[in-house]
Amino acid sequence: MSRFIDIISPIYQDLLSRCERRKITINLDIQDLTLKIKDVELVKDFYTRELKRALKLCSENDKITIMQTVSESTIRLSVKNSSKQQPDIETVEKLRADGYEVRARFGYDTIITLRLDR
């Protein structure tokens, strides 16, 4: 098992350099950096894929937020972006079919969430 901070740090550093060039703001909304993660590859793959998707959708002055919330029974990992452009309907349906929670509202934000059992 790895701690959440050990997983997210290299991903965040890469994202930081990409967003700096494109003038995209990064926010962190993380509840527990020391949280132990069982399936490290799943978490890495989720953040890598969804941050890449967020970067494609975002333009200058947009925001990307890396989120993590923890309850007694679940861990929720999310990527939120403030882009006016939304993922297409096929992508949203595929993500939902794969078990992800997707909230995409025109003119607001898009949040894609992976829910894990603790």
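pLDDT is the predictor's confidence in each residue, on a scale from 0 to 100. You will want that in mind, as the structure in your viewer is a predicted model.

**Stop 1: colour by confidence**

Start by colouring the protein chain by pLDDT. The mean over the chain is 93, and 98% of the residues reach 70 or more. Now select strand 4, residues 63–70: here confidence is highest, at 97. Then move to strand 6, where confidence is lowest, at a mean of 91. This colouring is a useful habit, because where pLDDT is low, the predicted coordinates should not be read in detail.

**Stop 2: the two sides of helix 3**

Next, select residues 89–97, which make up helix 3. Which residues of this helix are buried? Show the side chains of Thr 91, Val 92 and Leu 95 to find them. These three sit on the same side of helix 3, because they cover an arc of only 100° around the axis. A general rule helps here: an α-helix has 3.6 residues a turn, so residues three or four places apart point the same way.

What do the buried residues pack against? Add helix 2 (40–57), strand 6 (101–104) and strand 7 (110–117) to your selection, and you will have the partners of the buried residues of helix 3.

Now turn the view round to the face that points away from the buried side. There you can pick out the exposed residues Ile 89, Glu 90, Glu 93, Lys 94 and Ala 97.

**Stop 3: the ends of helix 3**

Zoom in on Asp 88, which caps the N-terminal end of helix 3. Try drawing a distance from its side chain to the backbone nitrogen of Glu 90: a side-chain oxygen of Asp 88 lies 3.2 Å from that nitrogen. Then travel to the other end and select Gly 99, just after the helix. This glycine takes a positive phi of about 100°.

**Stop 4: salt bridges**

How many salt bridges does the structure have? The count comes to ten, and we will visit some of them.

- Stay by helix 3 and select Lys 94 with Asp 98. Their side chains meet in a salt bridge, 2.9 Å from N to O. Lys 94 is exposed, at 52% relative accessible area, while Asp 98 is partly exposed, at 47%.
- Salt bridges can also share partners: select Arg 49, Glu 50 and Arg 53, which are joined into one network in this way. Within this group, the side chains of Glu 50 and Arg 49 meet at 3.2 Å, N to O. Glu 50 is buried, with a relative accessible area of 1%, whereas Arg 49 is partly exposed, with 34%.
- Finish with Arg 3 and Asp 6, whose closest N and O atoms are 3.3 Å apart in a salt bridge. Arg 3 is partly exposed, at 34% relative accessibility, and Asp 6 is partly exposed too, at 43%.

**Stop 5: two cysteines**

For the last stop, select Cys 19 and Cys 58. Are they buried or exposed? Both count as buried: Cys 19 has 1% relative accessibility and Cys 58 has 3%.

Why is there no bond between these two? A disulfide is a covalent bond between the sulfur atoms of two cysteines. The sulfur of Cys 58 is 7.4 Å from that of Cys 19, its closest cysteine sulfur, and this is too far for a bond. For comparison, the cut-off for a disulfide is a pair of sulfur atoms within 2.5 Å. A search of the whole structure finds zero disulfides.

Terms used. Residues are numbered from 1 along each chain as its sequence is written. This is a predicted model: local features need pLDDT of at least 70, side-chain atom pairs count only at pLDDT 80 or more; totals for chains, interfaces and linings use all residues. Side-chain values use heavy atoms; hydrogens and water are left out. Buried means under 20% relative accessible area, exposed over 50%, partly exposed in between (1.4 Å probe, protein chains only). Helices (H or I, at least four residues) and strands (E, at least two) are DSSP runs, numbered from the N terminus. The arc is that of the directions from the helix axis to the C-beta atoms. Contact means heavy atoms within 4.5 Å. A polar contact is a pair of N or O atoms within 3.5 Å; within protein, one must be able to donate a hydrogen and the other to accept it, and residues adjacent in sequence count only if both atoms are side-chain atoms. A salt bridge is a side-chain nitrogen of Lys or Arg within 4 Å of a carboxyl oxygen of Asp or Glu.
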